[in-house]
Amino acid sequence: MAEEVVVKSMPLDDLADVVRKKFDTARDYRQETELVWSDAYDAYRATYPEEIQSSNELAESRGIFINLTRRQVQAASIRIISMLLDDGRIPFTVKPSRRPRFVPPEIQDMPDMRDQLFTRAVNMEDRIRDILDRTGYQDTLQDVVVEMCLFGTGITKAVTLKQRNFPVYKSVRTDEVMYDIESEIETETVPTASFVSCWNLFPAPEAKSFEDAEFVVQRSFMSSIELRDLGQRDQGFFADRIEEAIKQQSGKVSGEDNSEHPKRVEETGAYDRQKDFEVLEFWGRLDSEDIGEYLDLGPGEMSGMLDVVITVVGDKVIRIAENPFDGQMPYYACHWQRSPESLWGDGVWYSIRDIQSVINFSYAMMIEGKHLASIPMSVVDPGAFEAGEDTERVYPGRQFRTKPGVDVNTAFKPIVIPDVTNGLINLVQLLEQQSNLDTGLPPIGLGQDAPYQTKTATGMSLLNTNSNRLTASVVRSVSGMITNTVQAIYRWLMVDDEDPAIKGDFEGQCYGYQRFISDEIHNVQLLNFLQVAGQSPQLQGAFNFSELAKPLARAFHLDPNNLVKSEEELAMQSQSAQQAQVQQAQQAVQLEVQKEQGIAQIEIEKEKQLALLKEKASLGEDAREAEIKERSELIKQGNILRPSKIMSMSALLAEEEKAQFQQQQQMMQQQQAEAQQAQLQQLQMQEQMSQREAGAIREVADQMTKRTEQKQGKVDLVA
């Protein structure tokens with residue numbers, strides 16, 4: 001009988017050494033990529049890298065850094081998030097597979113089996129949405145997109161199991177038994193999609209994707225409290241080895257490491273680190289003979305390669321388990337610009353790195369030119385001044401001593417340097433335009449303006465549409481990452497969730513990219529329709545253009561609920577417009593009537609004035625005729641009459657003479673008042689002069705009195 005061969009697995013400490021060697025290999029391989037990330041982070045933080053290029057020397061000496069990188073990264077992240085999220089909802093759907101691989105037994109014989117599958121798919125979608133909302137996946141997605149735009153690659157890990165403990169409020173009246181029951185119920189294990197920084201993920205060398213990677217090592221930094229929390233969870237961690245690692249300070253790091261995120265180095269460089277234990281999580285394949293002893297494997301599984309996950313702190317293995325995702329890596333990536341030969345992509349900074357340097361140099365040159373043109377300078381002839389005269393210090397009111405006979409114009413000669421920096425403005429505008437073209441982010445999409453930007457609505461829409469085409473690949477990449485995340489949560493729910501109402505063969509798919517493409521096609525078609533229908537008078541009366549308001553608002557990424565008026569508001573507006581037209585018509589009629597009445601009143605007044613003038617003229621003529629007849633009779637009787645004023649008998653002339661007399665009286669009264677005022681002022685001046693003369697006389701008398709007293713005092717002193 002053949003003896004049974006006993007396979008002895010590798011010691012755990014040696015297994016930890018294997019993981020650390022793979023980690024060191026992956027870290028050394030990506031050093032060139034880390035240099036690019038470090039420069040991108042420096043540009044994002046508006047700081048110069050350690051190695052300064054010649055184009056940055058002047059800008060650094062002047063302390064000038066135009067933060068073009070941050071502006072473009074923020075604009076790109078906001079744009080992508082707004083394209084993906086549908087009114088704040090994560091754009092995905094869960095539907096039954098077209099050809100289900102299995103059907104739950106309880107619904108196989110139901111006549112409405114297909115409807116039951118659709119109902120369960122809706123339940124599964126609601127369950128996944130509930131998990132994403134409760135775990136803050138939108139914030140995670142925001143972090144992923146920002147890092148993707150800056151460094152070129154954004155990564156999520158799905159799924160990570162986290163204990164979600166809902167708060168239970170305890171008071172003096174709370175029963176202890178009920179408190180324990182509620183505490184037990186309120187604790188829940190939730191599958192979470194977490195953000196993983198590209199700085200903390202180390203795939204195998206030459207890997208083109210996570211599917212292509214032989215292994216992946218995730219690095220994280222924890223405090224001793226967080227390590228002990230890992231040991232208290234029921235996730236296969238070795239609590240005793242964790243305590244041993246903490247006591248021996250195994251895995252504790254200090255100093256700086258270029259492979260760490262620069263922000264961690266900045267924040268902890270001058271202080272003691274709180275999270276100073278380096279934890280490595282290895283995902284990959286190892287020989288089953290080396291690890292079979294630590295896993296629950298059958299006799300037939302003790303040969304070949306095995307997909308495992310191993311967690312290491314320093315030289316201590318604190319967990320070892322089989323890969324629960326059937327050999328699949330739980331990491332999913334999205335890229336700004338995908339490189340087909342590398343897992344890592346290129347970010348916004350990589351596209352505008354030269355423009356960032358040149359624009360800093362351009363602004364520094366502008367400041368330098370303005371500085372030279374604004375500060376006064378002069379040429380001084382030292383031989384024109386007296387010996388020892390300081391010609392270096394110049395200030396307002398300074399006096400220089402020159403030699404006799406020296407012309408001042410030859411001693412001092414000002415120098416004016418012309419300001420020639422205006423030409424740099426065109427260069428700056430050209431650089432900003434080029435950065436927008438390189439990143440695919442036109443100013444119209446950012447709420448900004450640019451000199452090269454078109455001013456028409458159609459032109460702006462075309463510019464926005466073209467930029468969307470440039471970022472379509474980015475949206476597609478992020479949509480693929482969301483799809484993988486949704487499918488990972490779906491697979492976990494299918495295995496570990498006990499709710500039968502969500503079980504079924506479903507497909508989770510993010511429709512953000514499809515919605516983005518369909519929206520762009522719809523927007524272009526909508527604008528073309530408006531342009532054709534708006535230019536044709538025959539078609540304008542055949543369409544209800546008010547129905548196009550909401551889709552037109554959506555085409556420009558505006559909220560139609562707040563922008564487009566409702567039917568009630570339109571009806572009220574139309575009614576108000578009609579009432580305003582009626583009121584305007586009534587007011588016009590009233591104004592016309594009032595105008596006609598005013599004209600009639602004016603005519604009546606004119607007729608009255610004419611009648612009054614005629615009456616006054618007729619009275620004067622009658623008086624003159626009566627005077628003439630009376631004088632004729634007296635002359636016939638032989639009387640000699642003195643001439644009389646016939647003109648005084650005219651009523652009109654009498655009124656005119658009366659008006660002139662009144663005007664003369666008013667002028668005389670005004671002249672008398674002015675004369676009295678002048679006389680009063682003269683009297684006041686005479687009184688003031690008299691007072692001054694009296695004061696002068698008193699002052700002279702006082703002086704004479706003082707002199708007399710002084711003389712009398714001298715006489716007394718002599719006596």
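How many helices and strands does the secondary structure of the chain come to? With the whole chain of this predicted model displayed and coloured by secondary structure, the count comes to 22 helices and 12 strands.

Stay with the whole chain for a moment and switch on the surface, where about 45,800 Å² is exposed and carbon and sulfur atoms supply 52% of that area. Of the 719 residues in the chain, 33% are buried. If you turn to contacts between residues at least 6 apart in sequence, 73% of them join residues that are at least 24 apart.

Next, select Leu68, which belongs to helix H4, a helix covering residues 68-84. Leu68 counts as buried because its relative accessibility is 0%, so hide the surface to see this residue. Leaving aside residues up to four places away in sequence, show the side chains that Leu68 touches, namely Ile352, Ile355, Gln356, Ile359 and Ser435. Then add Ala43, which is 25 residues from Leu68 along the chain, and whose C-alpha atom is separated from that of Leu68 by 8.3 Å.

Now move to helix H21, residues 567-636, and select Glu621 within this helix. Glu621 has a relative accessible area of 44% and is therefore partly exposed, since partly exposed covers the range between under 20% for buried and over 50% for exposed. Bring the surface back and extend the selection to Glu615, Asp622 and Glu625, which together with Glu621 form a surface patch of negative charge.

Methods
Residues numbered from 1 in each chain as written. Predicted model: local features only at pLDDT ≥ 70, side-chain atom pairs only at ≥ 80, totals over all residues. Heavy atoms only, no water. Patch = residues over 30% accessible without salt bridge, like charges linked within 9 Å, V, L, I, M, F, W, Y side chains within 5 Å. Areas by Shrake-Rupley, 256 points an atom, 1.4 Å probe, with all protein chains shown as cover. Salt bridge = Lys/Arg side-chain N within 4 Å of Asp/Glu carboxyl O. Lys, Arg positive; Asp, Glu negative; His and termini not counted. Charge placed at Lys NZ, Arg CZ, Asp CG, Glu CD. Helix = DSSP H or I, 4+ residues; strand = E, 2+ residues; numbered from the N terminus. Buried < 20%, exposed > 50% of the residue type's maximum accessible area, 1.4 Å probe, protein only. Contact = heavy atoms within 4.5 Å.
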